[in-house]
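Me: Please take a close look at the ligand site of this model. I would like to know what surrounds the ligand and how the fold around it is built.

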Amino acid sequence: MPNKYCVANWKMNFNGQQGQDFFEVLNSKDLNKGQSQIILCPSYTSLFSIVGASKNSAISVGAQNVHYEDSGAFTGEISVKMLNEASVEFVIIGHSERRHVFGETDEMIHAKMLQSIQNGITPILCIGERLDERESGNTDKVLRAQLEVGLSDVKGEYIIAYEPVWAIGTGQSATSEMVVETHASIRSILTELNVSEKVSLLYGGSVSPQNASALAAVENVDGFLIGGASLDVDRFYSIYVNL
Ligand code: PGA
(Lines give C-alpha, C1' and ligand atoms only; values in the text may rest on other atoms or scores of the structure.)
Protein backbone atom coordinates (compact mmCIF):
# COMPACT_ATOMS: atom_id res chain seq x y z
CA MET A 1 0.00 0.00 0.00
CA PRO A 2 1.27 3.52 -0.74
CA ASN A 3 1.87 5.79 2.25
CA LYS A 4 -0.66 8.54 2.88
CA TYR A 5 0.33 12.20 3.09
CA CYS A 6 -1.44 15.38 4.12
CA VAL A 7 0.63 18.23 2.70
CA ALA A 8 0.20 21.94 3.49
CA ASN A 9 1.42 24.25 0.75
CA TRP A 10 1.48 27.66 2.42
CA LYS A 11 2.69 29.35 -0.78
CA MET A 12 3.79 32.97 -0.21
CA ASN A 13 1.82 33.31 3.03
CA PHE A 14 2.61 33.53 6.76
CA ASN A 15 5.48 35.37 8.39
CA GLY A 16 7.80 33.50 10.78
CA GLN A 17 5.57 34.04 13.81
CA GLN A 18 2.40 32.98 12.03
CA GLY A 19 4.10 29.79 10.86
CA GLN A 20 5.30 29.04 14.40
CA ASP A 21 1.85 29.69 15.85
CA PHE A 22 0.27 27.36 13.30
CA PHE A 23 2.84 24.69 14.07
CA GLU A 24 2.31 24.88 17.82
CA VAL A 25 -1.47 24.66 17.61
CA LEU A 26 -1.29 21.75 15.16
CA ASN A 27 1.30 19.94 17.24
CA SER A 28 -0.88 20.23 20.35
CA LYS A 29 -3.70 18.31 18.63
CA ASP A 30 -4.04 14.53 18.55
CA LEU A 31 -1.82 13.56 15.62
CA ASN A 32 -2.57 9.87 15.99
CA LYS A 33 -6.11 10.43 14.85
CA GLY A 34 -5.43 10.56 11.12
CA GLN A 35 -3.64 7.93 9.07
CA SER A 36 -1.41 10.19 7.03
CA GLN A 37 1.96 11.82 7.46
CA ILE A 38 1.71 15.60 7.78
CA ILE A 39 4.15 17.70 5.76
CA LEU A 40 4.21 21.49 6.17
CA CYS A 41 5.74 23.48 3.31
CA PRO A 42 6.50 27.02 4.51
CA SER A 43 8.37 29.78 2.68
CA TYR A 44 12.18 29.49 2.49
CA THR A 45 12.69 32.05 5.26
CA SER A 46 10.71 29.91 7.72
CA LEU A 47 12.32 26.55 6.89
CA PHE A 48 14.97 26.55 9.62
CA SER A 49 12.57 27.58 12.37
CA ILE A 50 9.79 25.15 11.40
CA VAL A 51 12.27 22.28 10.98
CA GLY A 52 13.71 23.16 14.40
CA ALA A 53 10.27 23.17 16.01
CA SER A 54 9.27 19.92 14.30
CA LYS A 55 12.12 17.85 15.74
CA ASN A 56 10.61 15.17 18.02
CA SER A 57 7.16 15.78 16.54
CA ALA A 58 5.09 13.76 14.08
CA ILE A 59 5.22 16.65 11.59
CA SER A 60 7.61 16.75 8.61
CA VAL A 61 8.75 19.75 6.61
CA GLY A 62 9.13 20.40 2.89
CA ALA A 63 10.20 23.29 0.67
CA GLN A 64 7.98 24.67 -2.09
CA ASN A 65 10.61 24.74 -4.82
CA VAL A 66 14.32 24.23 -5.49
CA HIS A 67 16.84 24.92 -8.26
CA TYR A 68 18.46 22.11 -10.24
CA GLU A 69 22.08 23.29 -10.02
CA ASP A 70 24.36 22.90 -6.99
CA SER A 71 25.47 26.54 -6.94
CA GLY A 72 26.27 29.41 -9.26
CA ALA A 73 24.99 32.62 -10.77
CA PHE A 74 21.27 32.03 -10.25
CA THR A 75 20.13 35.12 -8.41
CA GLY A 76 17.19 34.47 -6.13
CA GLU A 77 17.35 30.69 -6.31
CA ILE A 78 17.95 28.04 -3.63
CA SER A 79 19.88 24.80 -4.21
CA VAL A 80 19.17 21.32 -2.91
CA LYS A 81 22.35 21.55 -0.82
CA MET A 82 20.85 24.59 0.90
CA LEU A 83 17.69 22.61 1.60
CA ASN A 84 19.92 19.82 2.99
CA GLU A 85 21.45 22.37 5.33
CA ALA A 86 17.95 23.23 6.55
CA SER A 87 17.26 19.47 6.99
CA VAL A 88 14.04 19.47 5.01
CA GLU A 89 12.86 16.02 3.95
CA PHE A 90 10.54 16.93 1.07
CA VAL A 91 10.26 19.43 -1.76
CA ILE A 92 7.33 20.32 -4.02
CA ILE A 93 8.41 20.27 -7.66
CA GLY A 94 6.55 21.50 -10.73
CA HIS A 95 3.62 23.11 -8.92
CA SER A 96 1.26 24.63 -11.50
CA GLU A 97 2.18 28.13 -10.33
CA ARG A 98 5.84 27.31 -11.05
CA ARG A 99 4.89 25.92 -14.45
CA HIS A 100 2.41 28.56 -15.56
CA VAL A 101 3.41 31.74 -13.69
CA PHE A 102 7.19 31.24 -13.68
CA GLY A 103 7.51 29.33 -16.95
CA GLU A 104 9.06 26.10 -15.70
CA THR A 105 9.31 23.43 -18.37
CA ASP A 106 9.05 19.65 -18.00
CA GLU A 107 12.80 19.50 -18.63
CA MET A 108 13.57 21.88 -15.76
CA ILE A 109 11.20 19.93 -13.53
CA HIS A 110 12.93 16.69 -14.52
CA ALA A 111 16.34 18.16 -13.60
CA LYS A 112 14.94 19.21 -10.22
CA MET A 113 13.59 15.69 -9.64
CA LEU A 114 17.00 14.12 -10.27
CA GLN A 115 18.83 16.71 -8.21
CA SER A 116 16.49 16.30 -5.21
CA ILE A 117 16.61 12.51 -5.18
CA GLN A 118 20.39 12.45 -5.60
CA ASN A 119 20.64 14.65 -2.52
CA GLY A 120 18.26 12.69 -0.32
CA ILE A 121 15.19 14.92 -0.47
CA THR A 122 11.88 13.33 -1.48
CA PRO A 123 10.23 15.30 -4.29
CA ILE A 124 6.48 15.77 -4.60
CA LEU A 125 6.00 16.01 -8.36
CA CYS A 126 2.92 18.02 -9.32
CA ILE A 127 1.12 17.37 -12.58
CA GLY A 128 -2.17 18.68 -13.92
CA GLU A 129 -4.06 19.92 -16.94
CA ARG A 130 -5.42 23.40 -17.67
CA LEU A 131 -9.16 23.89 -18.28
CA ASP A 132 -8.75 24.23 -22.05
CA GLU A 133 -6.76 21.01 -22.11
CA ARG A 134 -9.50 19.15 -20.21
CA GLU A 135 -12.25 20.63 -22.36
CA SER A 136 -10.48 19.66 -25.56
CA GLY A 137 -10.13 16.05 -24.34
CA ASN A 138 -6.37 16.27 -23.86
CA THR A 139 -6.10 15.59 -20.12
CA ASP A 140 -4.47 12.17 -20.45
CA LYS A 141 -2.06 13.39 -23.13
CA VAL A 142 -0.91 16.31 -20.98
CA LEU A 143 -0.49 14.18 -17.86
CA ARG A 144 1.37 11.49 -19.79
CA ALA A 145 3.84 14.03 -21.20
CA GLN A 146 4.41 15.57 -17.75
CA LEU A 147 5.03 12.13 -16.24
CA GLU A 148 7.19 10.78 -19.07
CA VAL A 149 9.57 13.73 -19.00
CA GLY A 150 9.39 14.43 -15.28
CA LEU A 151 10.13 10.83 -14.29
CA SER A 152 12.57 9.87 -17.04
CA ASP A 153 15.44 7.84 -15.48
CA VAL A 154 14.28 8.90 -12.02
CA LYS A 155 14.98 6.18 -9.48
CA GLY A 156 14.33 6.48 -5.77
CA GLU A 157 11.52 7.73 -3.61
CA TYR A 158 9.05 10.35 -4.76
CA ILE A 159 5.40 11.31 -4.42
CA ILE A 160 3.07 12.44 -7.20
CA ALA A 161 0.33 15.02 -6.78
CA TYR A 162 -2.43 15.39 -9.36
CA GLU A 163 -3.62 18.99 -9.29
CA PRO A 164 -5.91 20.12 -12.10
CA VAL A 165 -4.89 23.74 -12.71
CA TRP A 166 -8.51 24.91 -12.94
CA ALA A 167 -9.24 23.54 -9.45
CA ILE A 168 -6.36 25.30 -7.68
CA GLY A 169 -7.44 28.21 -5.51
CA THR A 170 -10.81 28.44 -7.26
CA GLY A 171 -13.03 26.77 -4.67
CA GLN A 172 -14.05 24.41 -7.46
CA SER A 173 -12.55 21.02 -6.67
CA ALA A 174 -12.60 18.22 -9.20
CA THR A 175 -15.58 15.94 -8.55
CA SER A 176 -15.03 12.51 -7.05
CA GLU A 177 -15.97 11.01 -10.45
CA MET A 178 -13.28 13.05 -12.20
CA VAL A 179 -10.71 12.08 -9.59
CA VAL A 180 -11.66 8.38 -9.88
CA GLU A 181 -11.20 8.52 -13.63
CA THR A 182 -8.08 10.66 -13.73
CA HIS A 183 -6.25 8.87 -10.92
CA ALA A 184 -7.01 5.56 -12.64
CA SER A 185 -5.48 6.85 -15.89
CA ILE A 186 -2.46 8.21 -14.03
CA ARG A 187 -1.98 4.82 -12.35
CA SER A 188 -2.09 3.07 -15.68
CA ILE A 189 0.42 5.52 -17.21
CA LEU A 190 2.65 4.93 -14.16
CA THR A 191 2.40 1.16 -14.65
CA GLU A 192 3.46 1.59 -18.28
CA LEU A 193 6.41 3.66 -17.07
CA ASN A 194 7.34 0.87 -14.62
CA VAL A 195 6.64 3.04 -11.60
CA SER A 196 6.00 1.04 -8.44
CA GLU A 197 2.44 0.72 -7.15
CA LYS A 198 3.82 1.94 -3.85
CA VAL A 199 4.33 5.49 -5.14
CA SER A 200 1.72 7.68 -3.44
CA LEU A 201 -0.68 9.64 -5.64
CA LEU A 202 -2.14 12.73 -3.96
CA TYR A 203 -4.99 14.97 -5.09
CA GLY A 204 -4.83 18.76 -4.84
CA GLY A 205 -7.13 21.60 -5.88
CA SER A 206 -9.63 23.26 -3.53
CA VAL A 207 -9.55 20.47 -0.95
CA SER A 208 -11.61 21.60 2.06
CA PRO A 209 -13.08 20.14 5.24
CA GLN A 210 -16.36 19.87 3.29
CA ASN A 211 -15.08 17.70 0.43
CA ALA A 212 -12.16 15.91 2.14
CA SER A 213 -13.91 12.74 3.20
CA ALA A 214 -15.58 12.18 -0.19
CA LEU A 215 -12.27 12.75 -2.02
CA ALA A 216 -10.35 10.63 0.49
CA ALA A 217 -12.71 7.73 -0.16
CA VAL A 218 -11.78 7.68 -3.85
CA GLU A 219 -9.69 4.70 -4.85
CA ASN A 220 -6.09 5.65 -5.66
CA VAL A 221 -6.19 8.83 -3.58
CA ASP A 222 -3.28 8.54 -1.15
CA GLY A 223 -3.54 11.99 0.35
CA PHE A 224 -3.92 15.68 -0.36
CA LEU A 225 -1.86 18.71 -1.31
CA ILE A 226 -3.69 21.63 0.27
CA GLY A 227 -3.27 25.33 -0.40
CA GLY A 228 -5.95 27.73 0.87
CA ALA A 229 -7.38 25.42 3.55
CA SER A 230 -3.88 24.83 4.93
CA LEU A 231 -3.71 28.43 6.16
CA ASP A 232 -6.24 27.75 8.90
CA VAL A 233 -5.03 25.21 11.42
CA ASP A 234 -8.51 23.93 12.33
CA ARG A 235 -9.53 23.47 8.70
CA PHE A 236 -6.23 21.74 7.93
CA TYR A 237 -6.58 19.43 10.94
CA SER A 238 -10.14 18.56 9.99
CA ILE A 239 -8.94 17.51 6.51
CA TYR A 240 -6.13 15.47 8.09
CA VAL A 241 -8.61 13.64 10.34
CA ASN A 242 -10.80 12.80 7.33
CA LEU A 243 -7.94 11.31 5.34
P1 PGA B 1 -5.76 25.11 -3.13
O2 PGA B 1 -4.23 24.96 -3.63
O3 PGA B 1 -5.98 24.05 -2.09
O4 PGA B 1 -5.84 26.50 -2.58
O5 PGA B 1 -6.61 24.90 -4.33
C6 PGA B 1 -3.67 23.70 -3.85
C7 PGA B 1 -2.26 23.87 -4.32
O8 PGA B 1 -1.94 24.88 -4.96
O9 PGA B 1 -1.40 23.01 -4.05
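Reply: The ligand comes first below, followed by the barrel and the helices packed on it. The model is predicted, and the description should be read with that in mind.

The ligand is surrounded by 13 residues, of which Lys11, His95, Glu163, Gly169 and Ser206 are the closest. By class, this shell is made up of seven polar, four nonpolar and two charged residues. Three polar contacts involve oxygen atoms of the ligand. From Lys11, a polar side-chain atom lies 2.7 Å from a ligand oxygen. Ser206 contributes a backbone N or O atom, again 2.7 Å from an oxygen atom of the ligand. At Gly227, a polar backbone atom is 2.8 Å from a ligand oxygen. The protein buries 95% of the 280 Å² that the ligand exposes when taken alone.

As for the fold, eight strands form a closed barrel in the order E1-E2-E3-E4-E5-E6-E7-E8, and their pairing is parallel. From one strand to the next, the twist averages 25°. One of these pairs joins E1, residues 5–9, to E2, residues 37–41, through five bridges in the parallel sense. In this pair, Asn9 stands opposite Cys41 of E2. Helix H10, residues 233–242, packs on the sheet here and touches E1, E2 and E8, the last spanning 223–226. The direction of H10 makes about 160° with that of E1.

Elsewhere on the barrel, helix H8, residues 176–192, lies across E5 (122–127), E6 (159–162) and E7 (201–204). Relative to E7, helix H8 runs at about 145°.

How values were computed. Residues are numbered from 1 along each chain as its sequence is written. This is a predicted model: local features need pLDDT of at least 70, side-chain atom pairs count only at pLDDT 80 or more; totals for chains, interfaces and linings use all residues. Side-chain values use heavy atoms; hydrogens and water are left out. A residue is near a molecule or strand if one of its heavy atoms lies within 4 Å of it. A polar contact is a pair of N or O atoms within 3.5 Å; within protein, one must be able to donate a hydrogen and the other to accept it, and residues adjacent in sequence count only if both atoms are side-chain atoms. Accessible areas come from the Shrake-Rupley method with a 1.4 Å probe; for residues, only the protein chains shown count as cover. Ala, Val, Leu, Ile, Met, Phe, Trp, Tyr, Cys and Pro count as nonpolar, Asp, Glu, Lys and Arg as charged, and the others, Gly among them, as polar. Two strands pair if DSSP finds at least two bridges between them. Helices (H or I, at least four residues) and strands (E, at least two) are DSSP runs, numbered from the N terminus. Axes are lines fitted to C-alpha atoms, for helices over the stretch in contact, and angles run from 0 to 180 degrees between N-to-C directions. Contact means heavy atoms within 4.5 Å.
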